[in-house]
Amino acid sequence: MISPCTARGPRARRLAERRRPGAFFFAFALLVLASLVDAPAKAAPSGGKAPSAKAAAKAAPAQLLGTAYRAYDEGDLTAAAEALAALDDRALKNRDYALWLRGKTALLLGKTAEARAHFTALRDLSGTRFAAEVPWRLADCAWESGAHAEAVAAYKGLLDAPRASRYADLGTVRFRIASQKAEAALAAGGAKARKLRRDAIAALRAFVLTSPQHPLAARAEEQLRELGGAKAGALSATDRITRAKNLTADHLWQEAVAELGKVPDNVSVAVRRQRDYWLGTTLFKMRRRYADAGKLLLAVSPHMGANAAEAMFHGARALSRADQDDQAIVWYRKVVAKYPRTAWAEEALFLTGWLELNRGAYAASIGPLDRVVARYPRSKFVKDALWFGGLAHYLQQDWEGAKTRLEALAKRPGALEGGKGQYWLARIAERQGDAATAQRGYAELIKRWPMSWYALLSRARLRAAKVDIGPFGHDPKPAGGPPIASKVDERLAKDPLIQRADELTAAGLGVEAGEELRRDERGFLARTNRVDGLALLMDRYRKAGNFNRPWMLGVVYGGSALSGPAEGSARVWWEHAYPEAYKELVAKYEKLGDNPEGYLHAIMRKESGFDPKTLSYADAQGLLQMIPATTARVAKELGLPYDRGTLYDPEFNIRTGSWYIGHLLGKFKQQIPLGAGAFNSGPRPVMRWCDQNGDREMDEFVELVSYTQTREYMKKVTENYARYRYLLLGEIYDLPLTVDKAYRTDDLTY
């Protein structure tokens with residue numbers, strides 16, 4: 001039976017099976033369902049996409065390997081098998097890739113003995129990346145061949161293996177273990193049968209509770225009824241709460257809410273409280289109905305035992321997100337008073353001050369922020385308490401009070417902390433009429449942290465004062481950084497690692513080539529000199545279509561090269577750290593929206609680091625980290641079909657992302673910080689901030705953005721954009737100090 005992964009486009013099957021933890025269950029569970037109904041796996045028709053066996057036989061080994069993988073990705077198992085039949089594995093540098101695909105294809109076609117032989121041969125190879133996966137596939141072969149006891153014994157030994165969820169859907173494995181117990185119970189007799197029946201029922205119930213959305217959950221419920229009747233298959237109120245907890249953990253918010261809705265009111269008080277606690281928690285996490293979430297969590301918080309402080313804190317947080325700041329502050333104070341030694345109290349005290357600042361009560365914010373520093377000196381909120389306390393004094397023009405806190409902040413490392421303190425100290429000097437001190441502070445900041453957010457602001461301040469200064473300061477450092485070869489030394493390509501990667505790239509398996517390079521990257525650099533070795537690695541990663549790893553290597557190894565002009569060897573480091581990833585696709589689609597050159601790459605660098613398979617905690621996906629619900633609306637605007645898997649396709653991600661990101665930037669008059677902020681938080685909050693603080697200058701406007709993540713995102717994307725404009729166009733980006741608060745009124749409010 002063909003996995004539904006095949007509907008997601010080229011390479012989607014392998015993205016699901018070998019890269020995204022837990023996603024293997026599509027093919028795995030479908031095989032189980034096929035076996036349960038005694039249906040053999042079938043090959044999809046080739047549709048004329050794969051070459052004939054005769055034509056394939058004349059192809060080079062790498063081409064044959066690529067042909068087989070492409071056919072497999074498209075669900076054409078017959079064509080994959082034909083290409084593999086024409087392939088001589090001994091001619092490959094990557095024999096393990098051929099064996100893996102032979103085994104997978106045979107397993108999906110129901111040829112379990114053949115599959116077992118290929119996986120056994122793969123097991124006996126040394127150094128293969130498939131080593132940890134092979135035992136799982138051999139267990140699958142045993143199950144599919146009917147040797148269920150053998151398979152279950154193997155599964156039990158593998159469940160606690162490191163990264164087990166990378167190689168199998170553990171829900172399917174647990175179902176098989178439970179199902180085998182049910183088989184044994186039905187086959188046995190006497191007292192032994194009763195014990196086996198109890199064990200099987202317990203295992204099946206555990207599966208139904210922990211994996212309620214699994215494709216095999218319905219079959220597990222059927223088996224429960226077969227073993228123990230309707231009573232065994234019935235779910236209690238506590239069972240439904242357990243299922244909802246697991247659904248929430250898997251980000252299946254709507255399903256969790258529906259499950260909790262099945263818990264009636266005529267249960268015990270304790271069960272009702274658990275229901276309300278998890279309903280409130282789920283509503284909070286799904287970012288919906290914050291007022292309801294707050295009401296539920298605060299009502300049950302006194303009765304939640306070890307979770308009482310957490311429930312009260314999140315109840316208060318929910319009220320704040322529902323724009324009920326007065327009540328939120330009241331409850332934050334209760335958290336601090338009742339649970340003073342918890343981490344929740346630290347954050348509640350900080351948020352008390354932060355909320356007062358955010359709504360313009362600057363004097364009222366100072367006390368709570370100062371108490372964070374005094375009461376919780378080791379708290380992660382100390383640096384933010386120092387900063388916002390300093391900002392509160394600044395906004396009241398209490399310069400000395402602001403200086404005390406900003407001087408402490410300026411001593412911290414990093415452009416976003418030390419740079420922040422130094423910038424605002426210079427700003428105070430400027431406000432006090434000390435232009436010389438202010439300009440000296442701005443200039444020092446630019447030289448120390450060039451092109452950072454605060455350096456861009458400093459250049460804007462100096463520009464307003466008619467002082468001309470370059471992006472790297474008055475006396476910029478010469479282009480530098482560690483040496484790296486400007487040309488690739490192809491003699492190093494004789495290394496076995498490079499030969500394997502080159503063969504995979506020639507086969508069209510660029511992702512796999514990048515993964516192979518990553519596996520022995522350090523070993524390769526140890527076998528050669530770093531100057532030439534890094535240049536070759538960067539080149540091979542690029543040829544494989546992998547921009548993520550060169551970006552990381554550029555940042556890690558580039559050193560001071562990124563702090564000076566992009567000239568000579570320093571330019572090589574710049575180009576790797578700020579690549580034109582997926583250049584053709586960006587050029588093709590960026591004009592779907594108002595995207596200036598470099599902007600999409602600035603977003604992409606911040607969002608995914610150019611990794612097309614990235615998945616965030618908030619379910620943002622792919623290169624531009626598009627949210628599925630947003631993408632569905634954009635796809636409709638563009639007349640494109642959409643399912644969740646398509647966001648991992650770079651072309652679809654860039655196409656839909658370009659439209660959305662560009663239209664958001666246009667909505668906010670091409671102001672890079674505001675457009676970036678709208679992409680991170682959605683346009684509605686940015687519209688609200690424009691209404692509230694749009695008359696302030698850009699530096700104050702951004703610091704008063706009430707979402708921490710969005711505030712820092714605006715700064716980082718603007719820095720990325722400035723660097724891309726400099727690298728690609730030789731342009732020195734001038735950050736505007738004035739905010740145009742008159743955003744465009746249109747239907748783009750999602």
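## A tour of the helical chain

Begin by selecting helix α17 (residues 290-300) and helix α18 (residues 308-321), whose axes come within 8 Å and cross at roughly 155°. Angles over 145 degrees count as roughly antiparallel, and α17 and α18 are therefore roughly antiparallel to each other. The crossing in which α17 passes α18 is left-handed. To see where these helices meet, display the side chains of Tyr 290, Ala 293, Gly 294, Leu 297 and Leu 298 in α17, together with Ala 311, Met 312, His 314, Gly 315, Ala 316, Ala 318, Leu 319 and Arg 321 in α18. Sorted by class, the residues in this contact of α17 with α18 are nine nonpolar, three polar and one charged.

Before the next stop, zoom out to the whole chain. The model is a predicted one. The secondary structure of the protein chain consists of 40 helices and zero strands. Along the principal axes, the C-alpha atoms occupy a box of roughly 90 × 75 × 50 Å. For 750 residues, a compact globule would have a radius of gyration near 27 Å, and the 30 Å of the protein chain agrees with this. Colouring by burial will show that buried residues make up 55% of the 750 residues. Of the contacts between residues at least 6 apart in sequence, 62% join residues at least 24 apart.

Next, select a second helix pair: α23 (residues 399-410) and α24 (residues 414-431). Here the packing angle is about 150° and the axes are 8 Å apart, which makes α23 roughly antiparallel to α24. Viewed as a crossing, α23 passes α24 in a left-handed sense. On the α23 side, the contact is made by Trp 399, Ala 402, Lys 403, Leu 406, Glu 407, Leu 409 and Ala 410. On the α24 side, select Glu 417, Gly 418, Lys 420, Gly 421, Gln 422, Trp 424, Leu 425, Ile 428 and Arg 431. By class, the contact of α23 with α24 has eight nonpolar, three polar and five charged residues.

The remaining stops are single residues. Go first to Leu 196, which lies in helix α12 (residues 190-210). Neighbours within four places in sequence aside, Leu 196 is in contact with Lys 181, Ala 184, Ala 185 and Ala 188. A distance drawn between the C-alpha atoms of Leu 196 and Lys 181 spans 6.6 Å, although these residues are 15 residues apart along the chain.

Move on to Arg 500, in helix α27 (residues 496-506). Buried means under 20% relative accessible area, and Arg 500, at 18%, is therefore buried. Leaving out its neighbours within four places in sequence, Arg 500 is in contact with Lys 93, Asn 94, Asp 96, Tyr 97, Glu 516 and Arg 519.

Finish at Phe 610, found in the loop between α34 (599-607) and α35 (628-638). With a relative accessible area of 1%, Phe 610 is buried. Show the residues in contact with Phe 610, again apart from neighbours within four places in sequence: Phe 547, Asn 548, Trp 551, Pro 579, Ala 581, Tyr 582, His 601, Met 604, Arg 605, Leu 623 and Tyr 724. One of these partners, Phe 547, is 63 residues from Phe 610 along the chain, yet the C-alpha atoms of the two are separated by 5.8 Å.

Conventions: Residues numbered from 1 in each chain as written. Predicted model: local features only at pLDDT ≥ 70, side-chain atom pairs only at ≥ 80, totals over all residues. Heavy atoms only, no water. Axes fitted to C-alpha atoms, helices over the stretch in contact; angles between N-to-C directions. Helix = DSSP H or I, 4+ residues; strand = E, 2+ residues; numbered from the N terminus. Parallel < 35°, antiparallel > 145°, perpendicular 65-115°, else oblique. Left-handed = near helix turned anticlockwise from the far one by under 90°. Contact = heavy atoms within 4.5 Å. Nonpolar A, V, L, I, M, F, W, Y, C, P; charged D, E, K, R; others polar. Rg over C-alpha atoms; globule rule 2.2 N^0.38 Å. Buried < 20%, exposed > 50% of the residue type's maximum accessible area, 1.4 Å probe, protein only.
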